[in-house]
Amino acid sequence: MKIAQIPTQPFAGQRPGTSGLRKKVTVFQQPHYLENFVQALFEVLEDRRGQTLVLGGDGRFHNRVAVQTILRMAAAHGFARVLVGQGGLLSTPAASAVIRKRGAYGGVVLSASHNPGGPDGDFGIKYNIGNGGPAPEKITEAVYARTQQLTSYAIATEVDDIDLGRLGEQRIGDLVVEVIDPVADHAELMQQLFDFDAMRAWFASGKRMCYDAMGAAGGPYAKAVLEGLLGAPAGTVINGEPLEDFGGHHPDPNPAHAQELIAIMSGPDAPDFGAASDGDADRNMILGRDFVVTPSDSLAVLAAHATRVPGYRKGLAGIARSMPTSQAADRVAQMLGIACHETPTGWKFFGNLLDAGQATLCGEESYGTGSNHVREKDGLWAVLFWLNLLASTGQSVEQLVRAHWARFGRNYYSRHDWEGVATDRADALMSSLRSRLPALAGQHFGHLLIEAADDFAYTDPVDGSVSKAQGLRILLAGGSRIVLRLSGTGTEGATLRVYLERYEADPARLDLAPQEALADLIALADQLAGIRSHTGMDAPAVIT
Ligand code: VG1
Ligand code: CO
């Protein structure tokens, strides 16, 4: 092996967003593009020498090429060992589990998550620290700053590719590359948390489920646990083979993109339980028979029933939710007498709360749910939590949710995504509304009263770091909210996310269609922000 110093020049725009650096595959295919980012990362990780790194991705197009490059760069930068998932595969929650279990220094996860894949799709890279969670902004900003100053990168040359199919140790010079089973550590962790006997009995009694892995990384994990350990019949997991282009689908588990599963769950022979996960298997969608559970409600239901599950028998230290996520979990926290923390969007903001023991369960409205078992959201974990509840209560998904609404009231919720907006128009919309926020408090719009309006800022209670401009909030009397923010994961133009929430306690009004229940707020959002006029669009591209 030789180590080459390859001359390079900075690329603009290598700043990680909500969850790592995401760009079109064609951007990553430019010579030196990935190498520059990895060089900047390794330079920032000053005490990396002699350490163990975890490496893997969601299996999308360009994954294998990128894995070989990063292995050669790890060899050139003094790492002692890299644990890489077989086939280059590691779901995001599995990478987190492996980092924690093996005491690794950190991990590199190659994923653009729920974004489409393939040669014309997206690719991404993110770094996770030793607690298994996404690098905090302090690190991602330092990496970005380095990318803007690079003149060369170091990489091992005159070496063979690692055989990613062969389990066990191989070498690049002094670097030991260990190809590991991507599923084993995560599956073992699941068995520590959930009542596998009860879930096995649930399947044995003839209950059925359908898990849509959407042609992405979640398939092997779901098959190993559901069809393997829990004895669910073969075929319980659909689209279970990870494909480089996800079969041409958009691997985003929501009712808009998981239409095959929605059709199965609303069909005449619908199984009892439906679930789906995204590209890197950290998101989850939960369905009952002809019944969709919102992610915000899912978090609240899991929190309310947590002590029924072995891993959470002792109760919860606290709950954390991202700011746009509905306040359903807050009501459960209040009932339990524990804190409900409100953080900016993105899992990295949960890390300190979890490490400090201030939160046990976390959730985001974007189909993300998780706990202190790892430091990422975890699709299969959420599905098993629900399955454990179905098995231990004997109730259906719909019964559990309706009982929850009857007890706590219902937080009607919807997110409207305006995709592909010209960046300058989206910025103009946000800055115009931002400048008018101070004047909104106290104003009436029909029967709606605005109590407060601000640009959400967060001070991390553990390390005191401050994150500003995390979303425009319009808070109305009675607990209703309108939130607007721009996506930090897209790769084309800007995506405006409009989050809408209304609380309803009247037992006679718990069964409305969400878009109707939220109609006043939807109209007010457009009136206040001028969404249609700014974007020139008639309707959001995706409603969840
Ligand atoms: C979106 C979601 C956010 C989530 C992030 C990463 O970010 O809104 O809740 O944490 O994706 O999820 P944004 O900035 O586009 O709104 V994943 O599964 O794409 O890693
Ligand atoms: Co994801």
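In which loop is the place of Ala457? Ala457 sits in the loop that links strand S21 (448-455) to strand S22 (458-459), and this briefing starts from there before turning to the domains, the strands and helices, the ligand, and some backbone angles. The model is predicted, and the domain assignment of the protein gives domain 1 (2-182), domain 2 (186-408) and domain 3 (410-543).

**The loop residue Ala457**

- Ala457 counts as exposed, because 12 other C-beta atoms lie within 10 Å and a residue with 12 or fewer falls in that class.
- Leaving aside the neighbours within four places in sequence, the residues in contact with Ala457 are Val466, Ser467, Lys468 and Gln470.
- Arg166 and Ala457 are 291 residues apart in sequence, and their C-alpha atoms are 48 Å apart in space.

**Domain 1 and domain 3**

- Taken over C-alpha atoms, the centres of domain 1 and domain 3 are separated by 36 Å, and the contact involves eleven residues from domain 1 and five residues from domain 3.
- On the side of domain 1 that touches domain 3, strand S2 (21-24) and helix H5 (137-147) each supply at least two residues, and S2 gives the most, with three residues.
- That side of domain 1 has no nonpolar residues, whereas five of its residues are polar and six are charged.

**Strands that pair**

- Strand S3 (residues 52-57) runs parallel to strand S4 (residues 81-89), with which it pairs over five bridges, and Leu55 has Val84 in S4 as its bridge partner.
- Between S3 and S4 the chain passes through helix H3 (residues 63-76), making a β-α-β crossover that is right-handed.
- S4 is also joined by five bridges to strand S9 (residues 175-180), again in the parallel sense, and here Gly85 has Ile180 in S9 as its bridge partner.
- Strand S8 (residues 168-172) pairs with S9 in the antiparallel sense over five bridges, and Arg171 stands opposite Val176 in S9.
- The hairpin of S8 and S9 has two residues between the strands, and within this hairpin Gly173 takes a positive phi near 60 degrees.

**An enclosed helix**

- Helix H4 (residues 92-101) is largely enclosed by the rest of the structure, because nine of its ten residues are buried.
- The buried residues of H4 include Thr92, Pro93, Ser96, Ile99 and Arg100.
- After H4 comes Gly103, which has a positive phi near 60 degrees.

**The surroundings of ligand 1**

- Ligand 1 is surrounded by 18 residues, and the closest are Thr18, Ser113, Ser487, Gly488 and Thr489.
- In the shell around ligand 1, one residue is nonpolar, twelve are polar and five are charged.

**Positive phi outside glycine**

- Most residues other than glycine have a negative phi, which is the background for the two residues that follow.
- Ala281, which is not a glycine, has a positive phi of about 65 degrees, and it is found in the loop between strand S12 (273-277) and strand S13 (284-288).
- Ala281 is buried, because 34 other C-beta atoms lie within 10 Å, and 20 or more are needed for a residue to count as buried.
- Tyr367 is a residue other than glycine with a positive phi, near 65 degrees, and its place is in the loop between strand S17 (361-364) and strand S18 (368-371).
- Tyr367 is buried as well, because 26 other C-beta atoms lie within 10 Å.

Key. Residues numbered from 1 in each chain as written. Chains lettered and ligands numbered in written order. Predicted model: local features only at pLDDT ≥ 70, side-chain atom pairs only at ≥ 80, totals over all residues. Near = placed C-beta within 6 Å. Nonpolar A, V, L, I, M, F, W, Y, C, P; charged D, E, K, R; others polar. Pairing = 2+ DSSP bridges. Helix = DSSP H or I, 4+ residues; strand = E, 2+ residues; numbered from the N terminus. Right-handed = clockwise from strand over helix to strand, strands pointing away. Domains from an automatic or database assignment. Contact = placed C-beta atoms within 7 Å.
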